[in-house]
Structure formats: C-alpha cells, structure tokens
There are 2 protein chains.
Amino acid sequence: MGLRFEIVAEDATTGARAGLLHTPHGIVETPVFMPVGTAGTVKGMTQGQLEELGVQILLANTYHLYLRPGHEIIREVGGLHRFMGWPHPILTDSGGFQVMSLKSLGRVTEDGVWFKSHLDGSSHFFSPEHAVEVQLALGADIIMTLDECVEYPYSHEAIHRAVKLTGRWAGRAKEKLSAISPQPSASETQASEQSSIGNRQSAMREPSAISSQPSASEEPPSPQPPVPSPQQSPIGNRQSSIPAPSPLQSSIVNRQLAIPAPALFGIVQGGVDRDLRRESAEGLLELDFDGYALGGLSVGEPKAEMYEVAEYTARLLPRNRPRYLMGVGTPEDLVECVARGIDMFDCVMPTRNARNGCVFTSQGKVIIKNTKYARDESPLDPACGCPVCGRYSRSYIRHLFVAGEMLGAILATQHNLHFYIDRMRKIRQSLLFGAFAEFHSRVRAEP
Amino acid sequence: MGLRFEIVAEDATTGARAGLLHTPHGIVETPVFMPVGTAGTVKGMTQGQLEELGVQILLANTYHLYLRPGHEIIREVGGLHRFMGWPHPILTDSGGFQVMSLKSLGRVTEDGVWFKSHLDGSSHFFSPEHAVEVQLALGADIIMTLDECVEYPYSHEAIHRAVKLTGRWAGRAKEKLSAISPQPSASETQASEQSSIGNRQSAMREPSAISSQPSASEEPPSPQPPVPSPQQSPIGNRQSSIPAPSPLQSSIVNRQLAIPAPALFGIVQGGVDRDLRRESAEGLLELDFDGYALGGLSVGEPKAEMYEVAEYTARLLPRNRPRYLMGVGTPEDLVECVARGIDMFDCVMPTRNARNGCVFTSQGKVIIKNTKYARDESPLDPACGCPVCGRYSRSYIRHLFVAGEMLGAILATQHNLHFYIDRMRKIRQSLLFGAFAEFHSRVRAEP
C-alpha cells in the first residue's frame with residue numbers, strides 16, 4: 001500500500017464517511033475536492049492563493065505534462081511538486097481520458113493506445129506501463145492506471161470490451177509499479193516532506209522510457225547500491241547510483257534520491273451497466289489497489305442514473321480504501337455522491353465556469369457579464385466569506401469580464417474554488433458532528 | 001491646494017529628494033512608482049497582491065474608464081476606489097495622451113479634442129472642463145489637466161502650438177475645478193480615509209455633464225445646504241442635498257457625501273526645446289497647481305536628451321510641489337530621473353514586459369521563453385526577495401509562458417512590479433540615509 005486511509009466518521013444512514021488520506025506530501029482530509037491543474041497550474045491561481053483557499057490536493061493531467069513541458073524535464077528539475085512550487089499532495093491521471101476525449105485517438109490495441117498530440121500532431125503511444133513510468137517521472141503522490149474510456153452513448157459490446165481491457169491494463173500497471181518500487185508497509189509510506197520534495201527518480205533516467213514507438217517491453221530495474229540517508233527510509237524508494245551526499249551537498253543531493261512509491265488507483269469502468277461495473281470492480285479487487293476510482297460517469301448519462309451507478313459501484317469497493325469519482329461534478333453532485341460513499345472528486349467545473357464568467361453562489365449560478373450587474377454593488381455571493389466577496393462588487397467583476405481583463409477570471413476562479421472547497425469542508429464537518437443528514441437536506445432545498 | 005507635499009530629505013549633490021505626499025486616501029512616500037491600472041486593474045494582479053508588493057498609489061486611465069464601464073457607472077457605485085476595492089491613493093490621467101496616441105484623434109480644436117472610441121468607433125469629445133468632470137466622477141486623489149500631446153518627431157511650430165494650447169487648457173481645468181470645489185487649505189485636505197472612501201460627488205449627478213457633443217459651457221454649481229458630519233470637514237467638499245444621516249444610515253449615507261477636492265496637476269509640455277519648456281512651466285506656475293507633471297518625454301527622443309530636459313524642467317518648478325514624469329521609464333530611468341528632481345513616475349513597462357515574458361533582474365533582462373531556461377531551476381532573479389522568486393523556478397515560469405497559462409503573466413508581473421517598487425524603496429532609503437550618490441553609482445555600474 002502506497003498510502004494509508006483512515007476513516008474517522010461514518011454517517012448512520014447513508015454511505016457518507018470522513019477520512020484521512022496519508023500521502024508522502026501530507027494528510028488529506030476526505031471527502032475532498034481536487035482542483036484541476038491541467039498543465040501544472042490551476043488556471044489563474046497562484047499556489048499561494050490555492051493554499052489560502054484550503055486546497056489540500058491538486059490533480060494534474062499526465063497527458064498535458066507529458067507533451068509539454070515533457071515528463072523528462074519535470075523529472076530533471078525534481079518532480080512536479082518542486083516544478084510547480086506545490087509541496088502538498090498531487091494526484092495525476094493516467095492520460096487515458098485526455099487521449100480519448102481530445103479526439104486524438106488513433107487506435108486502441110491490446111498493448112496500449114496510439115494518439116496524436118493536440119499541439120503538433122505528432123504520434124505517441126501510451127501503454128499501461130508507460131503511463132506508470134510517466135507518472136513516476138512526474139512524481140505524484142497518487143497515480144492512476146491507464147484505462148479505456150468509451151464515449152457515451154456506447155454499445156454494450158464496446159463497454160464490455162473496455163471493462164476487460166481496463167482490467168488487463170490495470171494488472172500490467174500494478175505489475176510495472178511493483179517491479180520498479182517494492183511496496184513498503186503502510187507506516188513507511190508516511191515519509192517526511194523533506195525527503196520527498198524535489199523527488200527525482202533516477203530509475204527514470206534511462207533514455208526512451210517513453211518513446212513515440214509502441215513497445216510493450218519493460219526493462220527490469222537494474223539493481224543499484226542503496227544510499228543511506230538519515231532523512232529517509234530506503235525501503236520503497238528507488239535508489240540513485242550517485243554517492244552518498246557530503247553534508248554540504250545534502251540539500252541538493254537529496255533531490256537525486258527517490259520518493260516513496262506512489263499510491264496506485266485502479267479505475268472501475270462499466271458505464272451504467274451494473275453487471276459490468278461488478279465485473280470491473282471484482283477484477284480490480286483481486287489486484288488490491290491503494291484506492292479505486294469510478295471512471296466513465298458524468299459523461300452524458302442521466303443524473304439519476306449517475307448517482308445510482310456511483311452508489312452501486314461504491315458498495316462493491318472495500319470500506320478501507322478511498323473511492324474517487326473522476327470528473328464529477330456540480331456542487332450538488334458533491335453532496336449527493338458523498339452520500340453514496342465517494343471520498344474524492346475532481347472537476348474542471350469551478351475553474352472553467354469561472355473563466356466563462358459563471359460563478360456559483362448560495363443563490364444559484366450568477367452569469368456575471370449580465371447587464372443587470374453593471375451597477376450591482378453587492379459581492380458575487382452575499383453569503384460568502386471568500387476574499388473576493390470581501391473586497392469586490394459584481395459591478396467591478398462584470399466590468400473586468402466585459403473588458404477582457406485577466407483579473408475577472410482570477411477573481412471568479414478564486415470565488416468558485418472557495419465555493420467548492422467550502423462546501424466540502426461543510427460536508428466533512430457535518431459528518432464529524434453527526435449532522436450530515438441535516439446538511440444534505442438543506443443543500444437539496446437550495447435554489 | 002488639494003494635497004500637502006512634505007520634503008523629508010534632499011540629496012546634497014543632485015536634485016533628488018524624498019517626500020511625503022498627503023492625499024485623502026493616505027500618505028504616499030516619494031519618490032514613488034505608480035503601477036498602471038488602465039481599466040481599473042493592474043493586469044493580472046489582485047488588489048491584495050498590489051498591497052503585498054507595497055504599491056502605494058495606482059494610476060488609472062480616464063480615457064479607458066470613460067469608455068468602459070463609463071464614469072457615470074463608477075460614480076454611481078461610489079467612485080473608483082470603491083469600485084476597484086482599492087482604498088489607497090489613485091491618480092487619473094486626463095485622457096489626452098490615450099486620445100492622441102491611440103490614433104483615434106479626429107481633431108484638436110481650441111475647445112478640446114474630438115476622438116473616436118477604439119472599442120466601437122463612436123465619436124466623443126473631451127474639453128479641459130470635461131476631463132475634470134470625468135475625473136471627478138472617478139474620484140481620484142490626484143487628477144491631471146487635459147494637455148495636447150504631440151507625436152515625436154515634431155516641428156517647432158507644432159510643439160509651440162501645443163504648449164500654448166496646453167497652457168490655456170490648464171487654466172480652464174483649474175477654473176472648472178475651483179468652480180466645483182472651493183479650494184480648502186492644505187491642512188484641511190488631510191481628510192480621514194473614512195470620510196473619503198466610497199466618494200460620490202453629488203455635484204456630478206447633473207445629467208450630461210459629459211456628453212458626446214462638444215460644448216465649452218460650464219454649469220455653475222448650484223448652491224446646496226451644507227450637511228454637518230462629524231467624520232468630515234465640509235470645507236472643500238462638494239455637499240450633497242440629501243439630509244443628514246441618521247445613525248443607522250450613516251454607513252450608507254456617507255457614501256452619498258462628497259470627498260475632498262482632488263489635487264490638480266498641470267502638465268509642462270515643450271518637447272526637448274528648453275525655451276518652450278520654460279514658457280510652458282511659467283504659464284502653469286502662474287496658475288499655481290498642486291503639482292506639476294512633465295509630459296511629452298520618453299516619446300522617442302534620445303535618452304540623454306530626455307534626462308537633460310527632465311532636469312532642466314524640474315529646476316523650473318517650485319521645490320515644494322511634487323514633480324511627476326509621465327510614462328517613464330526603465331529601472332535605470334527611475335534612478336537617473338530621481339537624481340534630476342523627479343518625485344513620481346508611472347510606466348507600463350514592468351507590467352507589459354511581464355506579460356510578454358520579459359522580466360527585470362539584478363543581472364539585466366531575462367526573456368523567460370528562451371529554451372535555455374527549460375531546465376533552469378533557479379528563480380527569475382537569484383538576488384530577488386519577492387514571493388515569486390521565493391517559490392518558482394525559471395523552468396516552471398518558462399513552461400507557463402510556452403503553454404500560454406495565465407499564471408506566467410501573473411508571476412512575471414508580480415516579480416517585475418516588485419523589482420520597480422523595491423528599486424524605488426531603495427532609492428528613497430538611500431536618500432534618507434544620505435547615501436543616494438553611492439546608490440546612484442552602484443546602479444550605473446549594473447549590467
């Protein structure tokens with residue numbers, strides 16, 4: 001297990017629970033919303049602003065970072081945490097979803113997926129093993145297995161094939177990670193931040209770990225001498241072949257040492273077909289992942305169906321592992337899906353909507369460019385305690401959007417992220433105080 | 001006088017001096033650099049970030065705010081300070097420079113200037129009086145007279161005509177402001193911030209104070225009963241006709257009351273012709289402005305000439321009034337022109353260059369998109385103490401620019417503004433400690 005998940009409260013009548021996710025870069029309180037930092041940045045936010053908002057963990061997209069600036073560069077400068085100046089937990093997706101949703105798909109084969117770069121049209125290939133390698137180069141705390149995502153609406157045949165393939169790929173990803181990083185015990189995964197900031201996996205320095213040529217071959221890790229270091233446990237770390245640091249060099253040389261193995265999550269597919277969801281979940285459970293994601297939801301199916309399938313699938317998964325509903329959702333979805341047993345969420349909605357001038361408020365959505373706000377001196381949400389609502393009026397923010405000023409997107413993003421983070425904080429607090437049912441019905445009554 | 005200027009230190013061998021500029025929204029330490037907030041925002045910066053950088057006073061462009069969102073809207077929502085969420089000093093330009101530099105000039109007449117909106121091509125007219133009225137609606141602490149800016153290179157005839165016209169316009173602007181706002185004594189202009197935040201000049205509520213039709217007519221202010229208020233001196237304030245507030249209403253009703261009259265600066269023109277500069281300055285001195293700006297410099301003339309003319313002109317101006325060199329300049333220019341007696345500067349260079357990926361450092365300019373920075377883990381400027389250099393690498397910021405991520409512009413802007421503000425802080429400190437000459441030669445020796 002690459003991470004430890006503690007449940008600290010469970011709701012009596014729903015599947016909702018509050019937990020603590022122990023990662024190499026700190027503890028994440030669940031349920032949690034992860035803002036999307038596609039290219040290693042949550043668009044428009046500084047890392048300091050994210051910290052002020054109480055963001056605990058970011059999601060970054062492997063596909064985008066692989067293409068630009070390239071995972072090799074990120075590994076060379078010490079990993080994504082160091083690259084971004086974000087010393088807190090990070091989850092990376094496998095790249096599969098982008099590859100398939102950006103219409104860049106060339107061909108899915110048993111071995112992996114061919115795709116074309118949306119930047120320059122160049123051809124690339126991701127196998128399940130490559131996806132692990134690229135994510136190790138990025139150095140996230142939680143990484144995902146490559147899965148096949150099928151576009152909605154889908155045929156039963158297509159979704160069944162995707163479940164089978166995703167299962168086989170999950171096995172290969174698990175095997176790849178195990179071969180590179182012997183699994184530490186749970187207690188050893190709670191490495192100090194000092195040893196893990198600036199991670200640089202020397203095992204990743206072989207050239208062409210990822211190439212644009214398809215290849216299922218895996219190089220077994222070459223044995224390397226252990227490097228003793230008082231700051232970290234060698235177990236579960238990929239060791240560098242460079243000599244032990246002298247005291248003067250230690251702050252630099254530590255960066256050459258490895259981080260604890262990341263946690264690996266398997267992804268349950270199966271669309272809205274219960275039998276396929278069960279088949280997918282059972283296959284992954286045999287492989288014993290650190291956590292389980294629910295993929296292929298919120299892709300166009302009716303909302304009620306999404307909730308039902310999320311609930312059905314969550315019940316198939318072990319109680320003591322985190323459950324991550326990928327790409328979901330609206331503020332309402334957060335509460336509804338926590339109630340159905342989900343612990344982790346990510347979605348571009350708060351940030352993308354913000355950039356389009358759509359802000360979430362306690363009174364519903366506000367389309368800030370609307371002329372009626374031109375003289376509106378009230379904040380975006382009079383009930384909101386965020387830094388934006390404490391300082392700026394709708395009138396001003398509307399002006400910024402109309403004038404195409406960056407600050408419009410910045411302020412709307414800050415506000416929307418606060419709305420999501422704050423909602424999740426309230427959900428968690430209601431769970432800790434045994435008041436989730438009450439909170440749940442209050443949210444349901446909102447406009 | 002709308003503001004008080006105190007000189008607290010003078011350099012023994014140059015014209016450099018350190019001062020305190022007392023405005024209705026706080027004291028500005030001079031010499032000072034004013035970041036440009038064209039449309040009521042310093043592009044990419046939150047007001048909180050500007051405060052953290054130590055920005056004391058912003059410049060906003062009357063032309064842009066007049067066109068969008070419109071000065072009437074800004075007046076209605078309580079003035080620019082309140083609109084922007086910036087409770088600190090603001091200076092507005094007269095709009096003249098933009099009108100003439102945006103090639104939107106239709107025609108300069110004795111009465112004023114016709115121009116077309118760069119947004120929709122609509123026709124507008126600014127007279128010296130209108131420029132005052134619009135700026136009063138915005139409610140800045142320091143406002144500028146409308147001047148005629150001549151493009152470089154210019155004929156002697158053109159520049160002479162501009163000097164004469166600018167002089168006559170300055171007189172009309174002064175008269176207009178005096179008619180609207182009886183001049184308070186210097187001590188009375190140190191109004192508390194409480195009384196001036198949320199300024200709303202009821203005198204400006206007459207319809208069509210600004211219209212798109214040319215008109216030199218001025219409506220004399222209608223006499224209105226004074227409204228006693230413990231929070232402010234009625235002298236020098238434009239009084240509202242609304243009744244005195246009840247205690248419960250006071251926080252709202254105070255916004256209906258007026259602010260102290262802004263300080264009005266005259267603008268010395270004359271190109272690089274000493275005689276014309278003298279003629280222009282002498283004309284303005286007779287009118288007795290709160291401060292004096294140097295216009296028409298850094299428009300293409302050789303640098304040495306700019307420095308000489310700045311020095312020559314500064315010497316023509318009274319010691320006890322602030323001197324503002326408009327639109328200047330490079331980090332080097334700041335030191336050189338402080339040495340020549342300048343107290344105030346504004347320039348788009350730190351912010352515009354930042355958005356283009358050009359950052360100022362102690363080692364000279366860095367073009368951050370350059371490939372050589374792809375793996376450069378050092379900060380933008382290793383000698384810099386700004387929040388950006390404390391957290392992010394060149395490698396990351398280059399990536400942000402290459403990927404077209406907003407955060408690139410944000411971080412570069414924050415860094416460049418810090419560079420300018422920090423330079424000015426050091427200049428001022430060297431003046432206070434009698435070490436300006438030393439600082440001056442150190443800067444001259446820099447790359």
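**Exercise 1.** Is D288(B) buried, partly exposed or exposed? Establish also where D288(B) lies and what is notable about its backbone.

*Solution.* The model is a predicted one.
Step 1: locate the residue. D288(B) belongs to the loop that runs between α10 (274-287) and β12 (291-294) of chain B.
Step 2: examine the backbone. Although D288(B) is not a glycine, its phi is positive, at about 60 degrees.
Step 3: apply the cut-offs. Buried requires under 20% relative accessible area and exposed requires over 50%, with partly exposed in between. D288(B) has a relative accessible area of 39%, and therefore counts as partly exposed.

**Exercise 2.** Carry out the analysis for D288(A) and state its relative accessibility.

*Solution.*
Step 1: D288(A) sits in the loop between α10 (274-287) and β12 (291-294) of chain A.
Step 2: the phi of D288(A) is positive, about 60 degrees, and this residue is not a glycine.
Step 3: because its relative accessibility is 41%, D288(A) is classed as partly exposed.

**Exercise 3.** Describe the interface between chain A and chain B, from its extent to its chemical character.

*Solution.*
Step 1: count the participants. On chain A, 45 residues are in contact with 45 residues of chain B.
Step 2: state the area. About 3600 Å² is buried between the two chains, and carbon and sulfur atoms give 53% of this area.
Step 3: list the polar interactions. There are eight salt bridges between chain A and chain B. A salt bridge is formed by the side chains of R82(B) and E377(A), with an N to O distance of 3.1 Å. Across the interface, 18 residue pairs are in polar contact.
Step 4: assign the chain A side to helices. At least two residues each come from α1 (47-53), α3 (71-76), α4 (80-84), α14 (394-402) and α15 (406-432) of chain A.
Step 5: classify the residues on that side. The division is 21 nonpolar, 12 polar and 12 charged.

**Exercise 4.** How many of the nine residues of α14(A) are buried, and what backbone feature comes just after this helix?

*Solution.*
Step 1: eight of the nine residues of α14(A) are buried, and the helix is mostly covered.
Step 2: among the buried residues are R394(A), R398(A), H399(A) and F401(A).
Step 3: just after α14(A), G404(A) adopts a positive phi of about 70 degrees.

**Exercise 5.** Where in chain B do the cis peptide bonds that precede P31(B) and P153(B) occur?

*Solution.*
Step 1: T30(B) and P31(B) are joined by a cis peptide bond with omega about 0 degrees; P31(B) lies in the loop between β3 (26-30) and β4 (32-34) of chain B.
Step 2: the bond from Y152(B) to P153(B) is cis, with omega near -5 degrees. P153(B) is placed in the loop between β10 (142-144) and α7 (156-180) of chain B.

Conventions:
Residues are numbered from 1 along each chain as its sequence is written. Chains are lettered from A and ligands numbered from 1 in the order in which they are written. This is a predicted model: local features need pLDDT of at least 70, side-chain atom pairs count only at pLDDT 80 or more; totals for chains, interfaces and linings use all residues. Side-chain values use heavy atoms; hydrogens and water are left out. Contact means heavy atoms within 4.5 Å. Buried area is the accessible area (1.4 Å probe) that two parts lose on being put together, summed over both. A salt bridge is a side-chain nitrogen of Lys or Arg within 4 Å of a carboxyl oxygen of Asp or Glu. A polar contact is a pair of N or O atoms within 3.5 Å; within protein, one must be able to donate a hydrogen and the other to accept it, and residues adjacent in sequence count only if both atoms are side-chain atoms. Helices (H or I, at least four residues) and strands (E, at least two) are DSSP runs, numbered from the N terminus. Ala, Val, Leu, Ile, Met, Phe, Trp, Tyr, Cys and Pro count as nonpolar, Asp, Glu, Lys and Arg as charged, and the others, Gly among them, as polar. Buried means under 20% relative accessible area, exposed over 50%, partly exposed in between (1.4 Å probe, protein chains only).
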